[in-house]
Amino acid sequence: MQDLNELLAKIGEIKAEIEAGSAELTTSKAVYEFKKTFLDSKQGKISALMKEMRNIPKEQKQDFGKNVNAAKEWALSYFDELDQKMKAEELRQRYESEKVDITMPAKKVKYGNLHPITTVRNQLSDIFMSMGFDVFEGTEIETDYYNFTALNTPDDHPARDMQDTFYLSPEFLLRTQTSAGQVHVMENKKPPIKVISPGKVFRSDDDATHSPMFSQMEGLVVDKGINLCDLKGMLTMFSKQIFGEDTKTRLRPSYFPFTEPSVEVDVSCFQCGGAGCKLCKGTGWIEVLGAGVVNKKVLENCGIDSNEYSGFAFGLGLERIAMLKYGINNIKMLFESDLRVLDQIDD
Ligand code: DAH
């Protein structure tokens with residue numbers, strides 16, 4: 001650079017370059033980078049002008065310095081203003097993007113709920129526990145003795161055909177009924193006994209109302225002077241609580257090897273109130289469980305004196321109760337974990 005005029009022209013060029021370049025900038029970061037190309041103390045184009053001082057005639061040096069400084073001041077305030085504008089715009093955009101529309105409907109939070117079988121099991125347990133029953137959970141693998149023989153169903157007994165059994169070995173099997181728990185309880189506790197035993201049971205059986213794995217709840221009461229009337233009274237109370245206050249109960253004669261007499265328990269249809277409908281197949285009654293007075297032979301097998309003590313027992317299927325309560329006509333629906341089905345059942 002030779003003289004002041006050349007400097008003034010250069011300053012004009014730099015200002016024009018700054019103004020044109022600024023129009024392209026969209027972020028404060030870009031402003032910062034662009035500013036550096038002019039004002040960085042080492043490489044900035046304006047800062048570089050000062051280094052030209054040595055080529056300038058002495059008498060122009062003062063003006064030269066003033067002009068460079070003025071250009072520097074101008075650029076500094078120009079970039080400051082630009083930076084403030086850019087930051088304000090960035091803030092506005094951030095607020096815009098973070099804006100919450102409080103009139104939008106809230107996102108639905110999906111809660112899980114208990115499986116219908118668990119719900120039924122809990123409801124039944126609550127009812128029986130409020131009547132003073134303890135809970136005994138047996139094991140799913142049982143011996144032939146506990147599942148059958150001790151329950152007055154020896155090897156050659158025709159009642160064994162009632163339950164198609166999964167044998168694991170000649171001695172061990174998957175329990176076919178929670179009744180097996182009765183024997184364990186009576187072997188280990190002296191009367192009075194009042195216990196329920198819920199759990200999974202297994203049978204080689206598979207159709208719309210049967211599944212190879214299902215759940216039962218067994219009940220057992222043993223004390224002095226227990227008879228069929230106690231059973232009927234307790235079942236009536238139970239049925240009202242689970243199916244509704246107007247529910248009636250009736251007993252029909254039946255057969256189970258471990259009870260004598262044995263009964264099948266029906267409740268008045270809770271859908272039609274007993275008039276007859278599709279659910280009760282027009283009869284007004286629905287079968288819900290098997291029960292009876294504990295067979296003396298079973299008491300004796302467990303070391304309980306049948307002259308001193310007597311008892312009643314009952315067994316019900318939890319899937320059956322759930323199907324009745326929730327109007328499910330295929331047992332498989334309870335095991336397929338299809339949310340379209342399960343979502344509708346929330347008790
Ligand atoms: N264990 C029987 C079954 O699985 C149900 C049953 C009937 C249990 C009568 C009992 C009873 O305790 O007394 O079919």
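1. Helix α10, spanning residues 318-326, is mostly covered in this predicted model, since 7 of its 9 residues are classed as buried. The buried positions of α10 are L318, E319, I321, A322, M323, L324 and Y326. These buried residues pack against two helices, α5 and α8, and against the strands β5 (213-223), β8 (285-294) and β9 (310-317). Immediately following α10, G327 adopts a positive phi of about 65 degrees.

2. The packing of α10 on α5 deserves a closer reading, and the axes of α5 and α10 come within 9 Å while crossing at roughly 100 degrees. That angle makes α5 roughly perpendicular to α10. On the α5 side the contact is made by P116, I117, T119, V120, R121, Q123 and L124, and on the α10 side by L318, E319, I321, A322, K325 and Y326. By class, the contact of α5 with α10 comprises 8 nonpolar, 2 polar and 3 charged residues.

3. Helix α5 (residues 116-130) also packs with helix α8 (residues 228-243), at an angle of about 135 degrees and with the two axes 11 Å apart. The helices α5 and α8 are therefore oblique to each other, and their crossing is right-handed. In this pair, Q123, L124, I127 and F128 of α5 meet M234, F238, Q241 and I242 of α8. The residues of the contact of α5 with α8 divide into 6 nonpolar and 2 polar, with no charged residue among them. Q123 and L124 of α5 are listed in the contact with α8, and Q123 and L124 are also listed in the contact with α10.

4. A further helix pair is formed by α1 (residues 4-22) and α4 (residues 61-97), which pack at an angle of about 5 degrees with their axes 10 Å apart. An angle under 35 degrees counts as roughly parallel, and α1 and α4 are therefore described as roughly parallel to each other. The contact draws on L4, L7, L8, I11, K15, I18, E19 and S22 of α1, together with D63, F64, N67, V68, A71, W74, A75, Y78, F79 and L82 of α4. The residues of the contact of α1 with α4 divide into 13 nonpolar, 2 polar and 3 charged.

5. On the cysteines, the count of disulfides comes to 0 when a pair of sulfur atoms is required to lie within 2.5 Å. C272 is in no disulfide, and its nearest cysteine sulfur, which belongs to C269, is 3.6 Å away. C272 itself is partly exposed, with a relative accessible area of 22%. C229, by comparison of class, counts as exposed, at 58% relative accessibility.

6. Two cis peptide bonds may be checked in the backbone. One of them joins P191 and P192, with omega of about 5 degrees, and P192 lies in the loop between α7 (180-188) and β4 (193-202). Another cis peptide bond joins E260 and P261, where omega is about 0 degrees, and P261 lies in strand β7 (residues 259-268).

7. Positive phi values in residues other than glycine also merit a look. Phi of K281 is near 50 degrees, a positive value in a residue other than glycine, and K281 lies in the loop between β7 and β8. At 74% relative accessibility, K281 counts as exposed. Phi of S337 is likewise positive, near 55 degrees, again in a residue other than glycine. S337 is placed in the loop between α10 and α11, and S337 is exposed, with a relative accessible area of 53%.

8. Finally, R340 is found in helix α11, which covers residues 339-342. At 65% relative accessibility, R340 counts as exposed. R340 and L76 are separated by 264 residues in sequence and by 67 Å in space, taken C-alpha to C-alpha.

Notes:
Residues numbered from 1 in each chain as written. Predicted model: local features only at pLDDT ≥ 70, side-chain atom pairs only at ≥ 80, totals over all residues. Heavy atoms only, no water. Axes fitted to C-alpha atoms, helices over the stretch in contact; angles between N-to-C directions. Helix = DSSP H or I, 4+ residues; strand = E, 2+ residues; numbered from the N terminus. Parallel < 35°, antiparallel > 145°, perpendicular 65-115°, else oblique. Left-handed = near helix turned anticlockwise from the far one by under 90°. Contact = heavy atoms within 4.5 Å. Nonpolar A, V, L, I, M, F, W, Y, C, P; charged D, E, K, R; others polar. Buried < 20%, exposed > 50% of the residue type's maximum accessible area, 1.4 Å probe, protein only.
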